[in-house]
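Open the model in your viewer and keep the selection tool at hand. This tour goes from stop to stop, saying what to select and what is there.

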Amino acid sequence: MAMKSLSFLAALSLLALTLPLTIASDPSQLQDFCVSANSSANGVFVNGKFCKDPKLVTADDFFFPGLQTARPITSPVGSTVTAVNVNNLLGLNTLGISLVRIDYAVDGQNPPHTHPRATEILVVELGTLLVGFVTSNPDNRLFTKVLNEGDVFVFPEGLIHFQANIGKAPAVAFAALSSQNPGVITIAPTVFGANPAINPNILAKAFQVDPRVVMDLQTKFKK
């Protein structure tokens, strides 16, 4: 009787250890692909997108051209991010992955931001970048590294991170993200460019600055 009890307890322990792993894993796909479609007339709704009839799918649904070409940089922060996600590469739907090309001007940066739905792995194609991310509260520990051509760095899902061109020439990086649509929250324009605007007194207390500083920043980021 004692041996049976021990066996039962061992089975429960094993189940307790393995169940969280089972719950945490993504479900297996029940089809080869689910190319995103523009309307319900083409298929069923899956993961935020309609699925195109597989018989109408072509190779072009899995194709995105021209990522080797440098992008013009016109933003005030000195970078341009070209995203390849489910919105412009329809075959990515349900596949849990996407890609970006980032062009940096001299002294340009991809400012502090976060991806709420993805981990990011970045490789430097050209130039020298200072990259980093900050851990969550209460430690707020900063991890930084200088990357040269061919170097790789990973930014954990949801954490604030950045890249800055510290070289003497333009830089280029490519990054893969573990979501078909990772989302991006760029800290400064999100906080100071909210629409409608966040009460300046709330932000002034949060950032421990004069409300006039906040109002000036809100003017700069106003859409």
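Exposed, on this tour, means a relative accessible area over 50%; buried means under 20%, and partly exposed lies in between. Keep in mind that the model is predicted.

**Stop 1: the sheet**

Select strands E4, E5, E12, E7 and E10. These five strands form an open sheet in the order E4-E5-E12-E7-E10. The pairing is antiparallel. Now look at the edges, where strand E4 (79-84) and strand E10 (152-155) stand. Each has a single partner strand, so one side of each is left without a neighbour in the sheet. Look along the sheet next: neighbouring strands are turned by 20° against each other on average, direction ignored.

**Stop 2: E5 against E12**

Narrow the selection to residues 98-104, strand E5, and residues 171-177, strand E12. How many bridges join strand E5 to strand E12? Seven, and the two strands run antiparallel. For one pair to click on, take Leu99: its bridge partner in E12 is Ala176.

**Stop 3: salt bridges**

The structure holds four salt bridges. Three of the stops below are among them.

*Arg101 and Asp103.* Show both side chains. They form a salt bridge, with the closest N and O atoms 2.8 Å apart. Are these residues buried or exposed? Arg101 has 5% relative accessibility, so it counts as buried. Asp103 is buried as well, because its relative accessible area is 4%.

*Arg212 and Asp210.* Move on to this pair. The two side chains meet in a salt bridge, N to O at 3.0 Å. Arg212 has a relative accessible area of 63%, so it is exposed. Asp210, at 33%, is partly exposed.

*Lys220 and Asp216.* Select helix H4, residues 211-221. Within it, Lys220 forms a salt bridge with Asp216. The closest N and O atoms are 2.9 Å apart. What separates the two residues along helix H4? They are four residues apart, which means about one helical turn between them. Lys220 counts as exposed at 57% relative accessibility. Asp216, at 41%, counts as partly exposed.

**Last look**

Show the three pairs together. Arg101 and Asp103 are the buried pair here. Arg212 is exposed, and Asp210 is partly exposed. Lys220 is exposed, with Asp216 partly exposed.

Terms used: Residues are numbered from 1 along each chain as its sequence is written. This is a predicted model: local features need pLDDT of at least 70, side-chain atom pairs count only at pLDDT 80 or more; totals for chains, interfaces and linings use all residues. Side-chain values use heavy atoms; hydrogens and water are left out. Buried means under 20% relative accessible area, exposed over 50%, partly exposed in between (1.4 Å probe, protein chains only). Two strands pair if DSSP finds at least two bridges between them. Axes are lines fitted to C-alpha atoms, for helices over the stretch in contact, and angles run from 0 to 180 degrees between N-to-C directions.
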